[in-house]
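Thanks for making time. I have one chain to show today, and I will go from the overall layout to a helix and then to a pocket.

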Amino acid sequence: MREGLVPGIEVLASAADGAEAVRLVSEHAPDVVLMDLRMPRVDGVEATRPIT
């Protein structure tokens, strides 16, 4: 998708809230997830539980 500032690092998706983050992780199966803890609807802590 988009090449980042660091060679070899690719941004697969960006979520507006925790619920979307959970959906996107299941869709893209990334190696690493950078999670914001303060997100609307479902916060990052709650979203991390089903991801892990």
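Going along the sequence, the order of elements is β-β-α-α. That makes two strands and two helices in the chain. Keep in mind that this is a predicted model.

On overall dimensions, the C-alpha trace spans about 30 × 20 × 15 Å along its principal axes. The chain has 52 residues, and 15% of them count as buried. As for contacts with a separation of 6 or more, 25% come from residues 24 or more positions apart.

Now the helix I want to spend time on, H1, which runs over residues 18-28. Which of the residues in H1 are buried? They are Gly-18, Ala-21, Leu-24 and Val-25. If you look down the axis of H1, these buried residues fall within an arc of 115°, so they line one face of the helix. The spacing is the usual helical argument: an α-helix has 3.6 residues a turn, so residues three or four places apart point the same way.

What about the other side? The face of H1 turned away from the buried side carries Ser-26 and Glu-27, both exposed. As to what covers the buried residues of H1, the cover includes helix H2, residues 44-51.

Next, the two ends of H1. At the start, Asp-17 has a side-chain oxygen within 3.1 Å of the backbone nitrogen of Ala-19. Just after the helix comes Ala-29, with a positive phi of about 45°.

That leaves the pocket. How much space lies in the largest pocket? The figure is about 670 Å³. The lining of this pocket is made up of 20 residues, and those closest to the centre are Leu-12, Ala-13, Val-32, Val-33 and Leu-34.

Which element gives the most to that lining? It is H1, with four residues. Strand S2, residues 10-11, is also represented, since S2 and H1 each supply at least two lining residues. Sorted by class, the lining of the largest pocket comes out as 14 nonpolar, three polar and three charged residues.

To put H1 together, then: the helix has a buried face, exposed residues on the side turned away from it, and four residues in the lining of the largest pocket. That is what I have on this chain; I can go back to any of these views.

Note on methods: Residues numbered from 1 in each chain as written. Predicted model: local features only at pLDDT ≥ 70, side-chain atom pairs only at ≥ 80, totals over all residues. Heavy atoms only, no water. Buried < 20%, exposed > 50% of the residue type's maximum accessible area, 1.4 Å probe, protein only. Arc of directions from axis to C-beta. Contact = heavy atoms within 4.5 Å. Polar contact = N/O pair within 3.5 Å; in protein donor to acceptor, adjacent residues only side chain to side chain. 1 Å grid on protein atoms, 1.4 Å probe; cavity = no way out; pocket = protein on both sides within 12 Å on 5 of 7 lines; lining within 4 Å. Points joined across faces, edges and corners; volume = space filled by probe spheres on them. Nonpolar A, V, L, I, M, F, W, Y, C, P; charged D, E, K, R; others polar.
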